[in-house]
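The following paragraphs lead the reader through a structure and its ligand. They begin with a single contact, turn to the ligand site and then follow the strands.

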Amino acid sequence: MTKWDVIIVGAAQAGCAAAWDLAAAGRRVLVLSRPAGQGKPCAGGVTAKALNRYRFSIAPVVREVVSTLWVGRFPANSQALHAPNPFCVMTERAELDAFCRQQAQQQGASFVETRGVQSLRQDGRSVTLTTREGERFQADALIAADGAHSPVRKLLGERRFAGAVAIEGCVPRDQLSRYPGMTLDFAAIKGGYGWLFPKGDHVNVGLYVWRQGIASPSRELLDRYSQQQLGTRPSGVQGYPLGTWLPQSRLCQGRILFAGDAAGCTEALLGEGIYGAVLSGQLAAQAILAGQLASYPQWLAGWREELATVEQLARLFYPLMPLSTRMLQGNLGETLVEGFALGLTLGQCKRRWRGASIVGR
Ligand SMILES: Cc1cc2nc3c(=O)[nH]c(=O)nc-3n(C[C@H](O)[C@H](O)[C@H](O)COP(=O)(O)OP(=O)(O)OC[C@H]3O[C@@H](n4cnc5c(N)ncnc54)[C@H](O)[C@@H]3O)c2cc1C
């Protein structure tokens, strides 16, 4: 059995970010990935702050560059919020993951496909993993970057949480009478929003609910929403939970660290998870490189604090509809897109907005 320095379970945003840093530092890294399929359900919006975190340019997989956000019901009742610079780019998630995998491979990370993890064992010195195919791998440390359902968390008997939930699908551009800009519509569903994300040859349409149980973003509701907004029903519809539980979750167990949605690194207000996945993947790698596995939670403490603040915002924001939408269509929204264009987080935008309100008084 080959001994690796680090095994990473999951070859998406968190896993590839960790693999890149570890391989670039000369560590022997094995990434276990699922066979490529339709791709992970995701709208593929990558904000400026996430772009700033990648170790490489993702330009080859960018389909649209966005500097205007439409807030409200497309097309008649939405308000355009213009940022001085682009604040987001649109990608196809399967393309983005494949590209990040390629980048990690070029740094020297090895990838092996598996249908899943059968068992995990760890002692003071190493972690041993057996796949469903019966292959055994051993490493000094393991990063679980296996998403919101995280089979590794389950195997380790870690606590499960209910986070946010979203559903998405696609409408080809040639079926549309009007190609929308990036749109968030907070009247689409209780406790969340509907979105339209333009991707060049199609539009991604979806529904997000910030906490499971407030409303159900079902296939029927998405079909109806898409019919109203785009005149047709979407194809390739997939729903999935989002890991928004970082403020409550445990981030490591012995030699195993959790990153990305497996750790709950997605913010709850809008469900942006790519940034938290890349950030936590990189920090998990840095903790391993520093030989300080147990201090990984401290390295992520700033992001944990941010997500706790954003969760509070979500608690205030959604019950105040439609007032919240009106605020977002005005000064608050402008501060937000300007802040996003500067690569700020939601918490940093909030502090900036409060500062501007106080100065404006
Ligand atoms: C519908 C929807 C739309 C979204 N839109 C956006 C958006 O526009 N922008 C944004 O920033 N965020 C968005 N998010 C959130 C974002 O998708 C996630 O936060 C992000 O993908 C988390 O990345 P990750 O690498 O932690 O996990 P994931 O992307 O979930 O990846 C986990 C990987 O692990 C693999 N895996 C799982 N189990 C195993 C196993 N046993 N062995 C091997 N591999 C395994 C999976 O196949 C997958 O490739 C959206 C989420 C949803 C559900």
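**A guided reading of the predicted model**

The side chains of E272 and K49 form a polar contact at 2.6 Å. This is a predicted model, and side-chain atom pairs are counted only at pLDDT 80 or more. E272 lies in the loop that runs between β18 (256-258) and α6. Its relative accessibility is 13%, so E272 counts as buried, the limit being under 20%.

The helix that follows this loop, α6 (274-289), is one of the elements that each give at least two residues to the shell around the ligand. The others are α1 (13-24), β2 (29-33), β12 (164-172), β14 (192-198) and β16 (235-242). The ligand has 36 residues around it, of which K40, G45, R93, D261 and I274 come nearest. Sorted by class, the shell comprises 17 nonpolar, twelve polar and seven charged residues.

Which atoms of the protein lie 2.9 Å from an oxygen atom of the ligand? One is a polar side-chain atom of T266, and another is a polar backbone atom of I274. For D261, a backbone N or O atom is found 2.8 Å from an oxygen atom of the ligand. The ligand taken alone exposes 1,000 Å², and 93% of that area is buried by the protein.

Two strands that supply residues to the shell, β12 and β16, also pair with each other. They run antiparallel and are joined by six bridges. Within this pairing, I167 is opposite G239 of β16, and E168 is opposite Q238 of β16. Strand β12 has a further antiparallel partner in β15 (residues 202-209), to which eight bridges join it. E168 takes part here as well, with G206 as its bridge partner in β15. In general, strands of a sheet pair through backbone hydrogen bonds, in a parallel or an antiparallel manner. As for solvent exposure, β12 is mostly covered, with seven of its nine residues buried.

These pairings belong to an open sheet of seven strands. The order is β6-β5-β13-β14-β15-β12-β16, and the pairing is mixed. At the edges stand β6 (77-82) and β16, each of which pairs on one side only. On average, neighbouring strands of this sheet are turned by 20 degrees against each other, direction ignored. In this order, β12 stands between β15 and β16, and β14 between β13 and β15. As a general rule, side chains in a regular strand alternate between the two faces of the sheet.

Strand β13 (residues 182-185) of this sheet contains D185. Is D185 buried or exposed? Its relative accessible area is 1%, and D185 is therefore buried, since the limit is under 20%. The side chain of D185 reaches the backbone nitrogen of A187 at a distance of 3.0 Å.

A last feature concerns the backbone itself. Most peptide bonds are trans. The bond from M321 to P322, however, is cis, with omega near 5 degrees. P322 is placed in the loop between α8 (301-317) and α9 (323-328).

Technical notes. Residues numbered from 1 in each chain as written. Predicted model: local features only at pLDDT ≥ 70, side-chain atom pairs only at ≥ 80, totals over all residues. Heavy atoms only, no water. Near = heavy atom within 4 Å. Polar contact = N/O pair within 3.5 Å; in protein donor to acceptor, adjacent residues only side chain to side chain. Areas by Shrake-Rupley, 256 points an atom, 1.4 Å probe, with all protein chains shown as cover. Helix = DSSP H or I, 4+ residues; strand = E, 2+ residues; numbered from the N terminus. Nonpolar A, V, L, I, M, F, W, Y, C, P; charged D, E, K, R; others polar. Buried < 20%, exposed > 50% of the residue type's maximum accessible area, 1.4 Å probe, protein only. Pairing = 2+ DSSP bridges. Axes fitted to C-alpha atoms, helices over the stretch in contact; angles between N-to-C directions.
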